[in-house]
Amino acid sequence: FMEPAVIVCLGGILPFGSIFIEMYFIFTSFWAYKIYYVYGFMMLVLVILCIVTVCVTIVCTYFLLNAEDYRWQWTSFLSAASTAVYVYMYSFYYYFFKTKMYGLFQTSFYFGYMAVFSTALGIMCGAVGYMGTSAFVRKIYTNVKID
């Protein structure tokens, strides 16, 4: 489980779990045209997502550094960005079981927009994870004394 590919695949599960319930309400407000009023709660979920993402990427990077693999940069970005893959997989579930959409245009429109949303979420989570992990790595290596 110390391989970067495994860490990248498993790194997005916890951040996705922290936003799982809120995703239903966001999808319903966007695709079912129900008005969404709980913006304060959504901001709280965004803060929780950022905190969980940073914590998970720090743990993943710590595992890599303990295994003496110092190529942590892309692994930290991709393990945080893998949250977007789980969101995109959830969008398949939502499309087939929660919406009544059909036809080529609606399907391509839905999955195109969800791909853009998931890509933006992946870039955001990856950037947050990388910045947090970078600060962590700088902090632990500034305390190393070379004699």
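## A first look at this predicted model

Aspartate 69 and arginine 71 form a salt bridge, with their closest N and O atoms 3.0 Å apart. The term stands for a side-chain nitrogen of Lys or Arg within 4 Å of a carboxyl oxygen of Asp or Glu, and the structure holds one of them. The two partners sit differently with respect to the surface: aspartate 69 counts as buried at 13% relative accessibility, whereas arginine 71 is exposed at 61%. Here, buried means under 20% relative accessible area, exposed means over 50%, and partly exposed is anything in between (1.4 Å probe, protein chains only).

Before going further, some housekeeping. This is a predicted model, in which local features need pLDDT of at least 70 and side-chain atom pairs count only at pLDDT 80 or more, while totals for chains, interfaces and linings use all residues. Residues are numbered from 1 along each chain as its sequence is written, and side-chain values use heavy atoms, with hydrogens and water left out.

### Helices and the record

The unreviewed UniProt entry carries the annotation "transmembrane region" for residues 7-33, 39-65, 77-97 and 109-131. Those positions are in the numbering used here, feature names are shortened, and such annotations may be inferred rather than shown by experiment. What does the chain look like over residues 7-33? That span is 89% helix and 0% strand, with its end C-alpha atoms 37 Å apart. Residues 39-65 are 100% helix and 0% strand, and there the end C-alpha atoms are 39 Å apart. Helices (H or I, at least four residues) and strands (E, at least two) are DSSP runs, numbered from the N terminus.

### Rings meeting rings

A pair of aromatic rings is described by the distance of the centres and the angle of the planes. Rings of Phe, Tyr and Trp (its six-membered ring) pair up if their centres lie within 6.5 Å; planes under 30 degrees apart count as stacked, over 60 as edge-to-face, and the rest as tilted. By this rule there are 27 aromatic pairs.

One of them joins phenylalanine 20 and tyrosine 90, whose ring centres are 5.4 Å apart and whose planes are at 75 degrees, so the pair is edge-to-face. Because phenylalanine 20 lies in helix H2 (residues 13-31) and tyrosine 90 in helix H5 (residues 83-98), the pair ties together parts that are 70 residues apart in sequence. Phenylalanine 20 is partly exposed at 36% relative accessibility, but tyrosine 90 is buried at 8%.

Another pair is phenylalanine 96 with phenylalanine 111: centres 6.5 Å apart and planes at 45 degrees, so this one is tilted. Phenylalanine 96 belongs to helix H5 and phenylalanine 111 to helix H6 (residues 104-142), so the pair links parts 15 residues apart in sequence. Of these two, phenylalanine 96 is exposed at 57%, and phenylalanine 111 is buried at 12%.

Both residues also belong to one aromatic cluster, which includes Phe30, Trp31, Tyr88, Phe92, Phe96 and Phe111. Tyrosine 88 is found in helix H5 and is partly exposed, at 24% relative accessible area. Its C-alpha atom is separated by 16 Å from that of glutamine 106, 18 residues away along the chain.

### A nonpolar patch

Which residues make the nonpolar surface patch of about 740 Å²? They are Phe1, Met2, Val6, Leu10, Ile13, Val59, Tyr62 and Phe63. Patches are built from residues with over 30% relative accessible area and no salt bridge; like charges are joined within 9 Å, and nonpolar side chains (Val, Leu, Ile, Met, Phe, Trp, Tyr) within 5 Å. The areas come from the Shrake-Rupley method with a 1.4 Å probe, and for residues only the protein chains shown count as cover. Helix H1 (4-11) and helix H3 (39-66) each give two or more residues to the patch, and H3 gives the most, with three. Phenylalanine 1 sits in the segment before H1 and is exposed at 68% relative accessibility.

### Two threonines

Each threonine below reaches a backbone oxygen with its side chain. A polar contact is a pair of N or O atoms within 3.5 Å; within protein, one must be able to donate a hydrogen and the other to accept it, and residues adjacent in sequence count only if both atoms are side-chain atoms.

| Threonine | Place | Relative accessibility | Backbone oxygen reached |
|---|---|---|---|
| Threonine 57 | helix H3 | 0%, buried | glycine 129, at 3.4 Å |
| Threonine 99 | loop between H5 and H6 | 16%, buried | tyrosine 95, at 2.6 Å |
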